[in-house]
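Subject: Structure for you to look at

Hello,

Here is the structure I said I would pass on. Please open it beside this message and follow along as you read.

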Amino acid sequence: MNAIPDIKGAKATETSSVIALEDITRSFGLVHALRGISFSLVPGRALALVGESGCGKTTCARIIARMDRPTSGTMLFRGNDVTTVGSGTEEKSYRRAVQMIFQDPFASLNPVFSVGHHLVRPLKLHGHVKGRKGAADGVDALLESVGLDPILTAHKFPHELSGGQRQRVNIARALAVQPEVLVADEPTSMLDVSIRLGIIELLSGIKRERNLALLYITHDIATAAHVAEEIAVMFAGQMVEWGDTMSVITDPCHPYTKLLLSAVPDPYQPFVPGDSVRFLQHAEKIRQISRPSSDGVDKVGPNHFVRTLGEAG
Ligand SMILES: Nc1ncnc2c1ncn2[C@@H]1O[C@H](COP(=O)(O)OP(=O)(O)O)[C@@H](O)[C@H]1O
Ligand SMILES: [Mg+2]
């Protein structure tokens with residue numbers, strides 16, 4: 001199963017993919033935030049989008065969550081073209097199927113509502129529970145599934161929780177809808193380093209148990225390797241290298257992937273950039289050599305692709 005297509009040739013329409021992007025671009029005036037993005041998301045598997053700030057990760061997430069529209073390209077949902085707005089029912093079913101976890105766990109919770117209230121609403125709205133008892137049981141089950149004690153947590157308000165607990169509530173809320181796809185946009189970057197691994201492992205476990213397709217967005221290639229079966233390294237709006245995580249991590253081919261990995265002593269340990277000024281200078285050099293948008297893609301492994309560098313200039 002080749003979850004990420006060769007953008008040069010194959011189409012991203014394998015029957016197994018729940019969402020597929022084909023040659024997506026997004027421009028904001030002169031800023032080309034995304035150029036030629038193609039990948040698919042498959043149930044039970046995670047794809048990590050990795051790259052420095054400003055490379056287009058959130059734009060990509062917003063397009064998948066239908067908070068934004070591509071400038072060009074095609075988006076498929078269960079094989080159907082959903083690039084343009086569909087009928088009310090289609091749109092509703094898509095929005096139910098695709099849930100997003102945001103970077104800031106506080107901003108996405110309403111300070112006047114209890115944790116229980118945050119979870120009861122989606123449970124009822126989507127008809128997953130009936131009656132008062134059903135709702136209470138549903139909330140308890142959700143909280144347990146994200147590692148929170150229902151008795152201690154359900155009646156609390158967001159400000160009474162730690163950042164990690166809040167992010168767990170956000171994950172529970174997304175699960176309340178019984179989605180098929182989770183898009184997690186840097187879900188741990190605002191959390192204490194000490195609790196990040198717990199959240200990452202929670203997401204991995206949920207993906208496995210619920211057979212969810214997970215798009216995990218991070219600037220940290222070490223975390224990406226920990227979570228995802230496949231990695232797509234993004235640079236300046238393009239995917240520069242993508243494929244099986246093991247292959248990309250152990251045999252990086254694009255200079256930017258090499259640069260990301262060189263900042264990580266051990267790719268399975270959390271990434272602490274030692275010398276961010278030098279890192280950014282290096283990245284700028286790569287940006288210059290990669291600037292002319294290159295359409296060439298080399299296949300360097302069974303599921304490992306790398307964009308050829310454009311001519312210097
Ligand atoms: N609404 C917008 N209007 C104008 N430019 C935007 C908008 N959203 C994103 N951009 C630009 O698109 C590029 C990619 O941004 P973003 O997707 O947020 O990157 P990342 O999430 O990787 O940090 C950046 O240059 C950013 O300034
Ligand atoms: Mg972002």
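Below is what was found, taken sheet by sheet, then the aromatic pairs and the largest pocket. Please keep in mind that this is a predicted model.

The eight-stranded sheet

Start with the open sheet of eight strands, whose order is β6-β7-β8-β3-β9-β10-β12-β11. Its pairing is mixed. Which strands stand at the edges of this sheet? They are β6 (98-101) and β11 (297-301); each has a single partner strand, so one side of each has no neighbour in the sheet. From one strand to the next, the twist averages 20°.

At one edge, β6 runs parallel to β7 (residues 181-185), and four bridges join the two. One place to find this pairing is Val 98, whose bridge partner in β7 is Val 181.

Two helices that pack on this sheet are worth finding next. Helix α2 (residues 88-97) touches β6 and β7, and its direction makes about 45° with that of β6. Helix α7 (residues 193-210) touches β3 (46-50), β7 and β8 (213-218). The direction of α7 makes about 160° with that of β8.

At the other edge, β11 is joined to β12 (residues 304-307) by four bridges, and these two strands run antiparallel. Lys 299 stands opposite Phe 305 of β12. The connection from β11 to β12 is a hairpin through two residues.

When you look at side chains in either sheet, one general point helps: in a regular strand they alternate between the two faces of the sheet.

The four-stranded sheet

There is also an open sheet of four strands, in the order β2-β1-β4-β5, and its pairing is antiparallel. Here the edge strands are β2 (31-41) and β5 (80-81), each of which pairs on one side only. Strand β1 (residues 19-28) and strand β4 (residues 72-77) are antiparallel and are joined by five bridges. For example, Ala 20 has Leu 76 in β4 as its bridge partner.

Aromatic pairs

How many aromatic pairs does the structure hold? There are three. One of them is formed by Phe 77 and Tyr 94, with 4.9 Å from centre to centre and 75° between the planes, which makes it edge-to-face. Phe 77 belongs to strand β4 and Tyr 94 to helix α2, so this pair ties together parts that are 17 residues apart in sequence. Helix α2 is also the helix described above as touching β6 and β7.

The largest pocket

The largest pocket holds about 610 Å³ of space. Its lining consists of 22 residues, and those nearest the centre are Gln 99, Pro 122, Arg 173, Ala 174 and Val 177. The elements that give two or more residues to this lining are α2, β6, α3 (115-125) and α6 (163-176). Which element gives the most to the lining? It is α3, with five residues. Sorted by class, the lining has eleven nonpolar, seven polar and four charged residues.

Regards

Conventions. Residues are numbered from 1 along each chain as its sequence is written. Chains are lettered from A and ligands numbered from 1 in the order in which they are written. This is a predicted model: local features need pLDDT of at least 70, side-chain atom pairs count only at pLDDT 80 or more; totals for chains, interfaces and linings use all residues. Side-chain values use heavy atoms; hydrogens and water are left out. Two strands pair if DSSP finds at least two bridges between them. Axes are lines fitted to C-alpha atoms, for helices over the stretch in contact, and angles run from 0 to 180 degrees between N-to-C directions. Contact means heavy atoms within 4.5 Å. On a 1 Å grid over the protein atoms alone, a cavity is a set of points where a 1.4 Å probe fits but cannot get out, and a pocket is an open set with protein on both sides within 12 Å along at least five of seven lines; lining residues have an atom within 4 Å of a point. Grid points are joined across faces, edges and corners, and a volume is the space filled by probe spheres set on the points. Ala, Val, Leu, Ile, Met, Phe, Trp, Tyr, Cys and Pro count as nonpolar, Asp, Glu, Lys and Arg as charged, and the others, Gly among them, as polar. Rings of Phe, Tyr and Trp (its six-membered ring) pair if their centres lie within 6.5 Å; planes under 30 degrees apart count as stacked, over 60 as edge-to-face and the rest as tilted.
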